[in-house]
2 protein chains.
Amino acid sequence: MQFRGDVPTPALLLDLDAFEDNVQKMAAHLATRGKAFRPHGKTHKCPEVARALIRAGAVGCCAARLSEAEVFAQSGIPGLLITTAVIGRDKIARALALASSAPDTMFVVDDRQNVRDINEAAAARGKGEPVKVLVDLFFGRTGIAPGQPAVELAQLIESLPNITFGGLQSYDGAAAHTTPYDARSTRTKATMGKAVATKAMLERAGIACPLVTGGSTGTYRFDSENPGITELQPGSFVFMDMEYGTIGGPDGTEYRDFKNAITVVTTVVSRPPGFAIVDGGYKAFSTDRPFTPRPIGIDGVTYGWAGDEHGRLDLSNASRDVKLGDRIEFIPPHIDPTVNLYDHIYALRGDRVEAVWPIAARGKSQ
Amino acid sequence: MQFRGDVPTPALLLDLDAFEDNVQKMAAHLATRGKAFRPHGKTHKCPEVARALIRAGAVGCCAARLSEAEVFAQSGIPGLLITTAVIGRDKIARALALASSAPDTMFVVDDRQNVRDINEAAAARGKGEPVKVLVDLFFGRTGIAPGQPAVELAQLIESLPNITFGGLQSYDGAAAHTTPYDARSTRTKATMGKAVATKAMLERAGIACPLVTGGSTGTYRFDSENPGITELQPGSFVFMDMEYGTIGGPDGTEYRDFKNAITVVTTVVSRPPGFAIVDGGYKAFSTDRPFTPRPIGIDGVTYGWAGDEHGRLDLSNASRDVKLGDRIEFIPPHIDPTVNLYDHIYALRGDRVEAVWPIAARGKSQ
């Protein structure tokens, strides 16, 4: 496969120039403000992307799940942070094995019994450094309430021999897509403010809190100005998607801080009168958002879902003709669940396929 | 992994008893009516499931795409029918390679140039039987209009030396979920009637039409009574899903012809006050339908999406308490895109894991 037109469809195409610009822009923004950068691997699930981010200055890679982190660790990615609590005997055993082979790995906790379970399992293994855990703060999904409850959980951690308190995870998922820009700023300042206040409470209680991690592609501008936040964990900026385009930039219009670097390429496989049927449906695009993939290079056309394997383009007002066999690229509605459908990223320099990167952690949600 | 409770979550669990009942019921229904049975592999993408269907009397396996069929062929599954047209030089070359290694493979066409392209490529390879193609009839998605246009395409096929006309594919996707029962019956009788009329036209034109294939889990009762239809290609009946439950049975209520055989098992990974957060979100369930996964074994609870990796259960009216670490199973909204998210099916006999089946064609949409 040498060229864009050779890639079997449907497939993920990465514009390397746009991707590299996105990586450099975020890395420079955070470096200038003295923030560490641990981008979230759940977006890309791809060791090559994680490596590119580390070359740009990232201190590591977040992983949504243990199995995702295991893949990154096997690929030699350092500084892993697993952003969902590890619950249950089997998963704790796997987490400890990972902590033994990759000792800079960090975990999150939000429950006293889970903290005790990890401590006891770590004692039973009888070797190794204490396991480093962050207290996950609650902003509507997982976590423990900021303030006194979080402080008490940190105190429990510090009282146990085989586990050590590493700091706070302060991720407010809903802030990432809060619209418009000013409302997003207000929201993340309020929620991150609670994290920073919790850090101050911890320090007054004599517990060091060297790390406060959070933030997203939507909030990085605000979070990176917050002196209490030590590192950011944005994910989507590497590739972008339609949804992030809609959240609004500082001028009230489209959010243009980063470029759309990923497209899904499809082929027209049937051409009934007035319509083009492409070979991408529910198995080729995320379907969790109330909008459909945006075609590139043709105007006046809306993609309509046509089942698991197909999409339908109404050509009544199309800006150009479409023939059987034509390739049509689309910006995906939501990047993370789209990437999770594919085994490879075709990395393009212009129209040339420069590399094919395995999405090695695709489907690793366990 | 010996037992249900050992499977790392999120995961697909298959109730083998329910699955085997579903397979036997469909196989017996079609055998009694003298219809061939070529169930659609796009639902399961799993060679073990295809083998179980063949043991029950299936003549082969449909595949939505060439790469899916290649996986089934590598697993020794006979009687493949690829239900989307194979477009473009590279894919035609792969299709011919498949036809050489698995000569009973069939393809569909709906375009004169594509027919000529396949014929020419087959000539260039200089060996092998003529490639068997079915004419795909248009009922709203892919295909050529039934009647004279389809007959003319069959005549073109018959005029060419390296390609042979095998019959008609008559798949009406929208009929499968037409509600209620009587409307579904009316719709599929009308569309399948056009296929049967086309078959009669072909025969009057001196072209044998030994095969008319179509039908779905929603329409099999009606299509199997249609004397012009020779074989059925239902898919979802092996596992079922929430959506098929809603289409209505003959008594006007839930559609109960087949049992829910697949669940997605999750773990409660956070337990903020009033809520349980499970480890299954957009990457664990299909999201293309306007309803959310249905929890099993607990009443008064609705699943709410909570991002790529999480779901949220409001416990205000829950019939029982839910604790951190509890496992909760869900019936998925839509089976095909759900299965496509996973690498394995955990096949259970009661609570015992009897086998772990690779979903070998997962992601094979190319």
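This is a short walk through a predicted model with two chains, A and B.

Hi everyone, first some housekeeping. Residues are numbered from 1 along each chain as its sequence is written, while chains are lettered from A and ligands numbered from 1 in the order in which they are written. Since the model is predicted, local features need pLDDT of at least 70 and side-chain atom pairs count only at pLDDT 80 or more, whereas totals for chains, interfaces and linings use all residues.

Let's start with the pair. A turn of 180 degrees, with a shift of 0.0 Å along the axis, lays chain A on chain B with an RMSD of 0.0 Å; the fit is by least squares on the C-alpha atoms of residues with pLDDT of at least 70 in both copies. The two copies are therefore related as by a two-fold rotation axis. In chain A, the C-alpha nearest that axis belongs to A:Thr287, at 2.7 Å. Both copies use the same surface, as 100% of the contact residues of chain A recur in chain B.

What does the contact take from each chain? It takes 52 residues from chain A and 52 residues from chain B, where two residues are in contact if their C-beta atoms, placed from the backbone, lie within 7 Å. On the chain A side, α5 (112-125), β10 (262-270) and α10 each supply at least two residues, and β10(A) gives the most, with three residues. Helices here are DSSP runs of H or I with at least four residues, strands are runs of E with at least two, and both are numbered from the N terminus. By class, that side has 18 nonpolar, 19 polar and 15 charged residues. Nonpolar covers Ala, Val, Leu, Ile, Met, Phe, Trp, Tyr, Cys and Pro; charged covers Asp, Glu, Lys and Arg; the others, Gly among them, are polar.

Now inside chain A. An automatic or database domain assignment sets the bounds, giving domain 1 (4-9 + 256-358) and domain 2 (16-238). Their centres, taken over C-alpha atoms, are separated by 33 Å. Where they touch, domain 1 of chain A contributes 14 residues and domain 2 of chain A contributes 16 residues. On the domain 1 side, β16(A) has the largest share, four residues.

Next, the open sheet of chain A. Eight strands run in the order β2-β9-β8-β7-β6-β5-β4-β3, with parallel pairing; two strands pair if DSSP finds at least two bridges between them. β2 (36-37) and β3 (61-63) of chain A stand at the edges with a single partner strand each, so one side of each has no neighbour in the sheet. β3(A) pairs with β4(A), residues 80-82, over three bridges, and A:Cys61 has A:Leu80 as its bridge partner.

Over in chain B, B:Ser216 sits in the loop between β8 (212-214) and α8 (220-223). Is B:Ser216 buried or exposed? B:Ser216 counts as buried because it has 23 C-beta neighbours inside 10 Å; the cut-offs are 20 or more other C-beta atoms within 10 Å for buried, 12 or fewer for exposed, and partly exposed in between, with C-beta atoms placed from the backbone. Beyond its neighbours within four places in sequence, B:Ser216 contacts B:Ala175, B:Ala176 and B:Pro234.

Last stop: β16(B), residues 344-349. It pairs in the parallel sense with β1(B), residues 11-15, over four bridges, and in the antiparallel sense with β17(B), residues 352-358, over six bridges. B:Ala347 stands opposite B:Leu14 on one side and B:Ala355 on the other. In the hairpin of β16(B) and β17(B), B:Gly350 takes a positive phi near 65 degrees.
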